[in-house]
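Please walk me through the salt bridges of this model, taking the charged pairs one after another and saying how far their side chains are exposed.

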Amino acid sequence: MSNIDVFVIGGGPAGLAAAIAASRQGMRVVVSDGDTAPIDKPCGEGLMPDSRLLATKLGMEIPESMGYEFRGIRFHCAGCTVEADFSGGRGVGIRRTTLHRALVEAAERAGVEFRWAALDSVRSHSRRYAYRKFCGRAVDQLHGDLWGDGCQIYVTPVDAHEVCVALVSRRQDFRLGEALSRHYPVLRERLGRGSETSRERGAVTGNVTLRAVARGNVALIGDASGSVDAIAGEGICLSFRQAEVLAKALAHGDLTGYNQAHPWLALRPHLMAKTMLQLDRSQLVQSLAMGVLQAQPWIFRKLLEVHVA
C-alpha cells in the first residue's frame, strides 16, 4: 500500500470515474469494492448527452451499438403531453451492467488496478423509493416521463426491442404493477403486448447534501458525497464532473479546491430536481404547469437545454 497514490473504496461509476481521472494525472490508483464486476443498480438506465460527452473526456466511448439512442424527452402528466429534442447530441439508454463493464475496461486501459472483495454489502438512506424492470416491446426515440399522483414512471429504450421501466415514489410498498394499473393503464396495455425480460428490483433515492466532502487525505465522491434525486437523471453526469475536479485536486496534493467546488457542481442538478419535485407534490401544480408547457413548447425546450447544460 505504501506505493499507492490513490486508493478508491467503491467500484461503482463514481469510483471508477475518479480512478480514471486520477490515473490520467499520472498517479498509481487502486480500486476496491465488496462486489464483483459488473455491478448492477436499479436505475432509469438513461444517459443524457452531457454524460456521454464527459464519458468521452474520461476515455470511454459509448457508441449506439452499446445501447439505444434517444433524441429527446417527453413528459406526460395531467392529461397533457409535451416533448422536445436535445439541442446538441443524443442521449442513450444503456444497461447499467453494460455501462459498468465499459467503465472497468476504460479504467484498465488507464492503468487502474482492482481488488474485488465479493462481499456484496450495501448501506444506504433516502427519502424516495424506486423500482425497475425490463420489458420487450417496440420502442421510439424519446425518453418518456409519465407523472401520476405522487409518483413518476420513466420509460427508457435500451435497445431496439427492449425498454427499461422505472417507478419512483414516496411509498416503499408501491410497486410497478400497482402503479401501472392505477395511474398508467395505457402504458400497462402497451407493455402487456411484450414480455418481461427481467425481475423487478428496487433502490432508494433522494436529495442529500453534506457539510464537507473531503478531510485530510480522504475524499468522498458520487452518492457517498451526497446525492441528487433520481428524478433529475443526473447522477452519472454529476459523478463524472466530480471525478475531473477531484483528480486535479489530488494531483496538487490539496483537497481544498474539491471541497469548495463540490456544492457548485451539484447546484444545477439539485435545483432542477427540486423544481420537478414540486410537480410531484400537487396535482393542481401538475395541471397548471403542463398546460403552460403544452401551450408554449419553447419553454420546455429551453428548460431541457438548461437541464443538460
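In this predicted model, a convenient place to begin is Arg-74, which is partly exposed, its relative accessible area being 25%. Its salt-bridge partner is Glu-83, and the closest N and O atoms of the two residues lie 3.0 Å apart. Glu-83 is likewise assigned to the partly exposed class, with a relative accessible area of 34%.

From there the reader may turn to helices H2 and H6, where Arg-241 and Asp-50 form a salt bridge whose closest N and O atoms are 3.9 Å apart. This pair links distant parts of the chain, since Arg-241 belongs to helix H6 (residues 235-251) and Asp-50 to helix H2 (residues 49-57), the two being 191 residues apart. Asp-50 has a relative accessible area of 6% and is therefore buried, whereas Arg-241, at 24%, is partly exposed.

A further contact involves Glu-244 and Lys-57, whose side chains meet in a salt bridge with an N to O distance of 3.1 Å. Here too distant parts of the chain are linked, with Glu-244 in helix H6 and Lys-57 in helix H2, 187 residues apart. Glu-244 counts as partly exposed because its relative accessibility is 30%, and Lys-57, at 46%, also counts as partly exposed because the exposed class begins only over 50%.

Beyond these pairs, a network of salt bridges links Asp-40, Glu-45, Arg-132 and Arg-201. For the model as a whole, the count of salt bridges comes to 20.

Technical notes. Residues are numbered from 1 along each chain as its sequence is written. This is a predicted model: local features need pLDDT of at least 70, side-chain atom pairs count only at pLDDT 80 or more; totals for chains, interfaces and linings use all residues. Side-chain values use heavy atoms; hydrogens and water are left out. A salt bridge is a side-chain nitrogen of Lys or Arg within 4 Å of a carboxyl oxygen of Asp or Glu. Helices (H or I, at least four residues) and strands (E, at least two) are DSSP runs, numbered from the N terminus. Buried means under 20% relative accessible area, exposed over 50%, partly exposed in between (1.4 Å probe, protein chains only).
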